[in-house]
Amino acid sequence: MRKIFLTAFILVLIDQILKIWIKTHFILGEEFQIFDWFIIHFTENNGMAFGMEFGGYLGKTLLTLFRIIVVGIGIKYIIDLSKTKIPNGALIALGLIIGGAIGNIIDSSFYGIIFNESYTSGNVAQFLPETGGYSSLLHGKVVDMLYFPLLNSHYPDWLPIWGGEHFIFFRPIFNVADAGISVGIFMILLFYRRIFN
């Protein structure tokens, strides 16, 4: 149990430090190029993964509550599972998934009340504004900043439909919490699937 929750705690700590630093030092849409294939690009996700929306105000409330319930069920499952012998790698994978989920829940639950709006007009968001946040409890925006355009090119001209069009691979912008969830899931699928059957 300690390995799972220590992994989750470290991931949440790194995730939240980076998100708060980005939100209070970058203008929405601002980017900083580290390498051609690695860019810090500040954006906010108002809904589900990849910026999809879900049913307006009520949908956002239900989505955030659903995330909290799923994490609660996941923690109970982990507590029940802890009575069996599990390899360290599987424990770390579970910690990454739980930590990533908690990191994004913090954004969507609390950022709306502890930050003012992020602007594109030259002002960065302020932490704990005196006038209140940009939204209400459970309606915050998730901060994303990691962008890896590994291939930035054009489709070959001979290709039907998309021939000559510009493409970027890997286009999604994500955060440390998303990365933790993805790595944890891949670890389980590749190495520890039999444990969770």
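Student: In this predicted model, which residue forms a salt bridge with Asp107?
Tutor: The model is predicted, not experimental in origin. The closest N and O atoms of the pair are 3.0 Å apart. A salt bridge needs a nitrogen within 4 Å of a carboxyl oxygen. The partner of Asp107 is Lys19.

Student: How many residues apart in sequence are the parts that Asp107 and Lys19 tie together?
Tutor: Asp107 lies in helix 3, residues 88-114. Lys19 lies in helix 1, residues 2-25. The pair therefore ties together parts separated in sequence by 88 residues.

Student: Is Lys19 buried or exposed?
Tutor: Buried means under 20% relative accessible area. Asp107 has 0%, so Asp107 is buried. Lys19 also has a relative accessible area of 0%. Lys19 is therefore buried.

Student: Which residue is linked with Lys19 and Asp107 in a network of salt bridges?
Tutor: Lys19 bridges to Asp107. The network links these two with another acidic residue. That residue is Asp15.

Student: Which residue forms a salt bridge with Glu44?
Tutor: The closest N and O atoms are 2.4 Å apart. Glu44 lies in strand 2, residues 38-45, and its partner in helix 1, so the pair ties together parts 21 residues apart in sequence. Glu44 is buried at 14% relative accessibility, and its partner at 0%. The partner is Lys23.

Student: Over which ring does the charged end of Lys23 sit?
Tutor: A charge over a ring must be within 6 Å of the ring centre. The charged end of Lys23 is 5.4 Å from that centre. The ring belongs to Phe115.

Student: Why are Asp80 and Lys76 separated by about one helical turn?
Tutor: Their closest N and O atoms are 2.9 Å apart, in a salt bridge. Asp80 is partly exposed at 36%, and Lys76 is exposed at 52%. Both lie in helix 2, residues 56-81, so the separation of about one turn comes from their spacing there: four residues.

Student: Is the aromatic pair of Trp21 and Phe26 stacked or edge-to-face?
Tutor: The ring centres are 5.5 Å apart. The planes meet at 65 degrees. Planes over 60 degrees apart count as edge-to-face. The pair is therefore edge-to-face.

Student: What is the angle between the planes of Phe35 and Trp37?
Tutor: Their centres lie 5.0 Å apart, and the pair is stacked. Phe35 is partly exposed at 44%, and Trp37 at 41%. Both belong to one aromatic cluster, with Phe38, Phe148, Phe170 and Phe174. The angle between the planes is 10 degrees.

How values were computed:
Residues are numbered from 1 along each chain as its sequence is written. This is a predicted model: local features need pLDDT of at least 70, side-chain atom pairs count only at pLDDT 80 or more; totals for chains, interfaces and linings use all residues. Side-chain values use heavy atoms; hydrogens and water are left out. A salt bridge is a side-chain nitrogen of Lys or Arg within 4 Å of a carboxyl oxygen of Asp or Glu. Helices (H or I, at least four residues) and strands (E, at least two) are DSSP runs, numbered from the N terminus. Buried means under 20% relative accessible area, exposed over 50%, partly exposed in between (1.4 Å probe, protein chains only). Rings of Phe, Tyr and Trp (its six-membered ring) pair if their centres lie within 6.5 Å; planes under 30 degrees apart count as stacked, over 60 as edge-to-face and the rest as tilted. A charge sits over a ring if NZ of Lys or CZ of Arg is within 6 Å of the ring centre and within 35 degrees of the ring normal.
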